[in-house]
Amino acid sequence: MSSDGNNNLNKGSTPRILAIETSCDETAIAYMQGLHAASHHVHTQAALHAEFGGVFPNLAKREHVKNLVPVLSLVFHDIFNIPVVHNSKEAHSTPDIPKNINPEVEAEIREILGREQGLDELLLSYINSISHEDFESVQNSIDAIAVTFGPGLEPALWVGISFAKALAIIFNKPLLPINHMEGHIASVLAESTTPHQSEIQFPAIALLISGGHTELVHIESWHQYAIIGATVDDAVGEAYDKAARQLGLPYPGGPEISKLAEIWRSKHISNNTDTATSKYLFNLPRPMIHSKDLNFSFSGLKTAVLYAIRDHLKAQGQQELSSDEKISLAGEFEEAVIDVLVAKTKKALNEYGAKSLIIGGGVIANTAIRKAFETLTTEHHVSLHVPEKNLSTDNAAMIGIVGILQYIQGVQGRIPHTQAFNDLHAEGNLSL
Ligand code: KG4
Ligand code: ZN
């Protein structure tokens, strides 16, 4: 962020934001003190969706309903030392006198959360189980509530939005609707215990690589975004997930493929004397690498993996790939992805005279991709900004950071009981 913004974050006036993210299969809540995530928790549903090889929106919604209150209680435990609840029964068993929520507010909460399969009961029980003193300290320690309103799966987004609206009414706080993709960009601003990364200079280019997005963004200054390139079909994370499926690896496929690719590299790349014939057992295309624009295409790569497996099995008369062959294919897949991502990003950096490169989204958890961009930016004298690994995949701290930036800039947010507040809705296809 700009130095002005940083200077405004002095101790006395550090804004505090509670942030909620439910756009896909992670239920995430964070409590931000300025750019520092004082507490952030992520409950991932990946194992549940693994069975289906992808995320089912209504299953994701049901899981968010189940997990939002327990995750909120983890955050409130970290910050206010309020007991953790794992399910609704525990909250019920706690004496609920004096009640923190009056009948009028309770009716409102029931109306807002009415469509969310019992979330009203879970939230009301939990809030009423908190001592009145603790309730007041929560109320006095939050300046605004930030929530993802898109892009993402609409049923999943809705749960988070309704939950955030309910909390905004209970604690009487403004609501800041946040774009999930802006969250991925801003994730690089998180302050941790390690020294803060160098200042981001503009113009900057952001490369967003996740399960749903592959975009190059030109950033003139914070909040001024122009998409200059995007995938014309599959997102890069999606290509990882689909290729993994073809290799018989579980969902999410990114980390699985990258583990195999790591083995391939340690055998064939770091060892320069290696002459093994299996180094390039497979050859995959680098789709659109020479196209004049800044767009990407990954569905061809996924199809090429399918044909490579089929042709190889046929030629060798095998039923399935050996583990060495899988390693080799995963290695070549990752090389192809890296070649394309680096080539297009390099083109964008040159065309826009960028001084900084920001990379966000789940795929930048990948070590080899990180390394490739370290090399690129060093060669081009451009500063590189990537999130800490635990903030690469979906989380609420990144949503809170955008909320903090908006709050500092004087964005009022949507005030409970106003038309703007009531009108806030999920926007599955929201763009930057
Ligand atoms: O940003 P994210 O958590 O969710 C979306 O907004 O999509 O990104 C999830 C994507 C998945 O496709 C997952 O396979 C991919 O990020 N991913 C990785 C790695 N870790 C997660 N891809 C490659 N290498 C990784 N280490
Ligand atoms: Zn994401």
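Q: Quick one: which loop holds Pro-203?
A: The loop between helix 9 and strand 6 (204–209). Helices (H or I, at least four residues) and strands (E, at least two) are DSSP runs, numbered from the N terminus. This is a predicted model: local features need pLDDT of at least 70, side-chain atom pairs count only at pLDDT 80 or more, and totals for chains, interfaces and linings use all residues. Residues are numbered from 1 along each chain as its sequence is written, chains are lettered from A and ligands numbered from 1 in the order in which they are written, and side-chain values use heavy atoms, leaving out hydrogens and water.

Q: Cis or trans between Phe-202 and Pro-203?
A: Cis, with omega about 0°. The bond from Tyr-251 to Pro-252 is cis too, omega near -5°. Pro-252 lies in the loop between helix 10 and helix 11.

Q: On to the metal. What coordinates the zinc ion?
A: His-180 (NE2), His-184 (NE2) and Asp-394 (OD), at 2.1 to 2.2 Å. Donors are N, O and S atoms within 2.8 Å of the metal (3.2 Å for Na, K and Ca); water is not among the atoms, so the site may look incomplete.

Q: And what spacing do the donors follow?
A: H-x3-H-x209-D along the chain. His-180 and His-184 are 4 residues apart in helix 9, so about one helical turn separates them.

Q: Now ligand 1. Which residues come nearest?
A: Gly-211, Asp-241, Gly-254, Gly-362 and Asp-394, out of 20 around the ligand. A residue counts if one of its heavy atoms lies within 4 Å.

Q: What's the contact at Asp-241?
A: A ligand 1 oxygen is 2.7 Å from a side-chain N or O atom of Asp-241. Ligand oxygen to polar backbone atom is 3.0 Å at Gly-254, and also 3.0 Å at Gly-362. The protein covers 89% of the 550 Å² of accessible area that ligand 1 has on its own (Shrake-Rupley, 1.4 Å probe).

Q: Which helix gives the largest share of that shell?
A: Helix 11, with 4 residues. Helix 9 (180–186), helix 10 (236–246) and helix 11 (253–268) each supply at least two.

Q: How many shell residues are charged?
A: 2, alongside 5 nonpolar and 13 polar. Asp, Glu, Lys and Arg count as charged; Ala, Val, Leu, Ile, Met, Phe, Trp, Tyr, Cys and Pro as nonpolar; the others, Gly among them, as polar.

Q: Back to backbone. Is phi of Gln-117 positive or negative?
A: Positive, near 50°, in a residue other than glycine. Gln-117 is in the loop between helix 5 (103–112) and helix 6 (119–129).

Key. A polar contact is a pair of N or O atoms within 3.5 Å; within protein, one must be able to donate a hydrogen and the other to accept it, and residues adjacent in sequence count only if both atoms are side-chain atoms.
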